[in-house]
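Subject: The structure you asked about

Hi,

Here is the structure I promised to pass along. Have a look at it first, and then read on for my notes.

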Amino acid sequence: MYTYRTKGTCSSQILIETEGEMIKKVQFVGGCTGNTQGVAKLAEGRRIDDVIDLLKGIQCRGGTSCPDQLACALQEIRAQMA
């Protein structure tokens, strides 16, 4: 399980489990519960690169958002895979 500490959002962490190129599980710690649960469910079962492409750059406040932070976390995971 990968733990990402978010920056600039209501959520404080994102816990991510991957298997190869696929996202198996996502859990946000903190944040708007309904929204973060929805984003997590939509990401699960998808390819890492697909979710990065969908979520990168979405803004809420401070130039980022929980979906954008998930994309940042997935980019870190992707970089470690290389």
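Please keep in mind that this is a predicted model. Let me start with a turn: in the hairpin of E2 and E3, two residues sit between the strands, and Gly 20 takes a positive phi near 65°.

**The sheet**

The two strands on either side of that turn are E2, residues 11–19, and E3, residues 22–30; they pair in the antiparallel sense over eight bridges. If you want to follow the register by eye, there are a few residue pairs to look for. Ile 14 stands opposite Phe 28 in E3, Leu 15 has Gln 27 as its bridge partner there, and Ile 16 faces Val 26 of E3.

On the E1 side, strand E1 covers residues 2–5 and pairs with E2, again in the antiparallel sense, over four bridges. Here Thr 3 is the residue opposite Leu 15 of E2. So that you can find the link between these two strands: E1 and E2 form a hairpin with five residues between them. Gly 8, in that turn, has a positive phi of about 80°.

Put together, the three strands make an open, antiparallel sheet in the order E1-E2-E3. E1 and E3 are its edge strands, each pairing on one side only. From one strand to the next, the twist averages 20°. Helix H3 packs on this sheet and touches E1, E2 and E3, and its direction makes about 45° with that of E2.

**Gln 27, a residue on an edge strand**

Gln 27 is found in strand E3. Is Gln 27 buried or exposed? With 40% relative accessibility, Gln 27 falls in between and counts as partly exposed, because the buried class ends at 20% and the exposed class begins over 50%. Setting aside neighbours within four places in sequence, Gln 27 is in contact with Gln 13, Ile 14 and Leu 15. If you would like a distance to check in your viewer, the C-alpha atoms of Gln 27 and Ala 43 are separated by 10 Å, with their positions 16 residues apart along the chain.

**Helix H2 and what covers it**

Which residues of helix H2 (residues 48–55) are buried? They are Ile 48, Val 51, Ile 52 and Leu 55. These four lie on the same side of H2, because they cover an arc of only 105° around the axis. The face turned away from that buried side carries the exposed residues Asp 53 and Leu 54. Among the elements covering the buried residues of H2 are strands E2 and E3, helix H1 (33–43) and helix H3 (66–81). After H2 comes Gly 57, whose phi is positive, near 95°.

Val 51 is a good residue to click on in H2. Its relative accessibility is 2%, and Val 51 therefore counts as buried, the cut-off being under 20%. Not counting residues up to four places away in sequence, Val 51 touches Ile 23, Ala 43, Arg 46, Leu 70 and Leu 74. The C-alpha atoms of Val 51 and Thr 6, which are 45 residues apart along the chain, are separated by 17 Å.

**How H2 meets H3**

H2 and H3 pack at an angle of about 145°, and their axes are 9 Å apart. H2 passes H3 in a left-handed crossing. On the H2 side, the contact is made by Ile 48, Asp 49, Val 51, Ile 52 and Leu 55. On the H3 side, the residues include Pro 67, Leu 70, Leu 74, Ile 77 and Met 81. By class, the contact of H2 with H3 has ten nonpolar, one polar and three charged residues.

**A residue in H1**

One more residue to look at is Thr 36, which lies in helix H1. Thr 36 is buried, with a relative accessible area of 6%. Leaving out residues up to four places away in sequence, Thr 36 touches Phe 28, Gly 30 and Cys 66.

Happy to go through any of this with you.

Best wishes

Definitions and conventions. Residues numbered from 1 in each chain as written. Predicted model: local features only at pLDDT ≥ 70, side-chain atom pairs only at ≥ 80, totals over all residues. Heavy atoms only, no water. Pairing = 2+ DSSP bridges. Buried < 20%, exposed > 50% of the residue type's maximum accessible area, 1.4 Å probe, protein only. Arc of directions from axis to C-beta. Contact = heavy atoms within 4.5 Å. Axes fitted to C-alpha atoms, helices over the stretch in contact; angles between N-to-C directions. Left-handed = near helix turned anticlockwise from the far one by under 90°. Nonpolar A, V, L, I, M, F, W, Y, C, P; charged D, E, K, R; others polar.
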